[in-house]
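Please open the model in a viewer and follow the stops below in order. Each stop names a selection and then describes what is found there.

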Amino acid sequence: MRKLFYENINLTDFTATVVSCEAMEDGKQYRILLDATAFFPEEGGQSADKGTLNELPVLDVQIKDDLIYHYLEQPLEPGTTVTGHVDGEQRFDFMQQHSGEHIVSGLVHNRFGYNNVGFHLSNNEVTLDFNGELTPEQLKEIELKANEIIYQNLPVEISYPSKEELAALSYRSKIEIEGQVRIVTIPGVDVCACCAPHVAHTGEIGMIKITNCQSHRGGVRLNILCGARALADYNKKQDSVTAISVALSAKQDLIADAVLKLKEDMLRQQERINTLQAQLLNFRVSTLPAPSECENAILFVDKMDTIAIRNTVNQLAENYTGYCGVFSGDEETGYSFIVGSKSKDCKELAQILRTELGAKCGGNTPMIQGSVNATQNKIQTIFSL
Ligand SMILES: [Zn+2]
C-alpha cells in the first residue's frame with residue numbers, strides 16, 4: 001500500500017480503492033484496508049490522524065505488519081473507490097509538536113548526553129521522558145536554544161540512508177529494525193530515526209514552551225507545548241493573571257508577591273482568631289456552674305477551631321467529674337462536638353447520641369468526637385438524663 005503522507009506531507013484529500021473490509025469481533029466497528037492512504041497511524045507514542053472516509057468518521061488508524069488499517073462504524077465495499085479526508089489542522093498541530101520534540105530531545109542529548117526514553121503525543125498533551133535529571137536553569141537554557149532554532153528556520157530533512165550509510169551515521173533511536181530506516185535531520189541540532197510527519201522548516205513550529213518537569217524513573221518527564229498550543233496556553237494563563245491582578249489590585253508582574261502577602265495576612269488573622277477564640281472559650285468556661293454544683297459541663301459556641309475546642313474539653317475534664325463537652329456550630333447547620341471525661345465512659349454516651357439524636361460520632365472511652373443535627377434543648381436533655 002502507498003503511504004501518501006510520505007509522498008506529500010500536506011496532502012489531506014485523496015482517493016483510494018478499498019482492498020478489504022472486515023467486521024470486528026464486537027460487531028460495532030469495521031477494519032478497512034486501502035491501496036493507498038494519507039492517514040498517519042498511531043505509532044511511536046503519537047495518536048493517529050483524524051478524518052473521514054466517504055465522509056464517515058475514521059475512529060482510529062493502526063499499523064500492523066506495515067499495513068495501515070482504518071476503523072469505521074460502517075463497512076465500505078471492497079473494490080470501490082473511496083474519498084478520504086485527513087483533518088489537516090490536527091495533522092499540522094501534531095507536526096509542530098513532534099518536530100519541536102526532536103529539537104528539545106536533540107538539544108538535551110547533545111548538551112547533557114541524556115536519551116529520550118519515552119514520548120507521548122495526543123490532543124491533550126506532549127510528554128518527553130529523559131534518562132537523566134535536568135534543573136530548572138538547564139531547562140531554561142534548552143528552551144531558549146530550542147526557540148533560537150525556530151528563529152533560524154532550519155530545514156527538517158528526511159532521508160533514507162543505505163545500511164552502510166546508517167552503520168556509519170550517529171543518530172538517536174538507533175535500534176536494529178527490519179527494512180528501510182527513515183532519518184529526520186535538523187542540521188546541527190538533531191539526527192533521529194523517526195517515521196512520523198514533520199514540518200519542512202523549524203520556523204513552522206512557531207514556538208516551544210516547556211510547561212512542566214517532574215521526576216520520572218530516575219530521570220525527568222517534561223511537558224512541552226509547541227505552536228498554537230503554546231499560544232492557547234499563554235492566553236489561558238494570561239486570563240488567570242489578569243483575573244488575579246484585578247482581584248488583588250496588583251500589577252500583573254507583581255501578583256506572586258501580592259498572593260504571598262495575602263497568605264501571610266491570612267495566617268496572621270487566623271492566629272488572631274485563635275487567640276480570640278481561646279479567650280472567648282475561657283470566658284464561657286468561667287460562666288459555667290462551679291464543679292461543686294454539677295457533674296457535667298456542656299458549652300454551646302459558634303463554629304470554632306477543633307484544637308481550641310479540644311483544649312477546652314481537656315481543661316473542663318480536669319475540673320468536672322462527669323461529661324465535659326463543647327458543641328460548636330448552630331441549630332441550622334448542626335454542631336460538631338467533642339466530649340471527654342475522666343471517670344465516665346464516653347463510648348456509652350456516643351451510643352445514646354447516635355440512637356437518640358442520629359449523631360455521627362466515634363472515639364474511645366475518655367473522648368469522643370462527631371457531629372449532630374439537633375436543638376440545644378435536645379442535646380442538653382441527653383446530658384441531664
Ligand atoms: Zn520522532
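Is Cys-194 buried or exposed? Select this residue in the predicted model: Cys-194 has a relative accessible area of 12% and is buried, because the cut-off for that class is under 20%.

**The zinc site**

Next, display the zinc ion together with its protein donors, which are the NE2 atoms of His-98 and His-102 and the SG atom of Cys-194. These donors lie 2.1 to 2.3 Å from the metal. Along the chain, their spacing reads H-x3-H-x91-C. Colouring by secondary structure places His-98 in helix H2 (residues 88-112), whereas Cys-194 sits in the loop between strand E14 (190-193) and strand E15 (208-216). The pair therefore ties together parts that are 96 residues apart in sequence. His-98 also counts as buried, at 4% relative accessibility.

**The largest nonpolar core**

Now select Phe-14, Leu-53, Ile-103 and Val-104. Within the largest nonpolar core, which has 53 residues, these four touch the most other members. Helix H2 gives the most to this core, with 7 residues. Colour by domain at this point: domain 1 (2-86) and domain 2 (91-242) each supply at least three residues to the core.

Centre the view on Leu-53 and show its surroundings. Which residues does Leu-53 contact, leaving aside its neighbours within four places in sequence? They are Phe-14, Leu-34, Phe-39, Val-58, His-70, Leu-72, Leu-76, Val-82, Thr-83 and Gly-84.

Apart from the largest core lies another one, made of 20 residues. To find this second core, select Ile-298, Tyr-323, Phe-327 and Ala-359, which are among its members.

**The whole chain**

Finally, zoom out to the full protein, whose secondary structure comprises 9 helices and 21 strands. The radius of gyration is 34 Å, well over the 21 Å that the globule rule gives for 385 residues, so the protein is more spread out than a compact globule. Oriented along the principal axes, the C-alpha atoms fill a box of roughly 100 × 50 × 40 Å.

Switch to a surface representation for the last stop. The protein exposes about 21300 Å², and carbon and sulfur atoms supply 51% of that area. Of the 385 residues, 41% count as buried. A contact map offers a complementary view: among contacts between residues at least 6 apart in sequence, 59% join residues at least 24 apart.

Terms used. Residues are numbered from 1 along each chain as its sequence is written. This is a predicted model: local features need pLDDT of at least 70, side-chain atom pairs count only at pLDDT 80 or more; totals for chains, interfaces and linings use all residues. Side-chain values use heavy atoms; hydrogens and water are left out. Donors are N, O and S atoms within 2.8 Å of the metal (3.2 Å for Na, K and Ca); water is not among the atoms, so sites may look incomplete. Helices (H or I, at least four residues) and strands (E, at least two) are DSSP runs, numbered from the N terminus. Buried means under 20% relative accessible area, exposed over 50%, partly exposed in between (1.4 Å probe, protein chains only). A nonpolar core is a set of buried Ala, Val, Leu, Ile, Met, Phe, Trp, Tyr and Cys residues joined through side-chain atoms within 4.5 Å. Domain bounds come from an automatic or database domain assignment. Contact means heavy atoms within 4.5 Å. The radius of gyration is taken over C-alpha atoms; the globule rule is 2.2 Å times the number of residues to the power 0.38. Accessible areas come from the Shrake-Rupley method with a 1.4 Å probe; for residues, only the protein chains shown count as cover.
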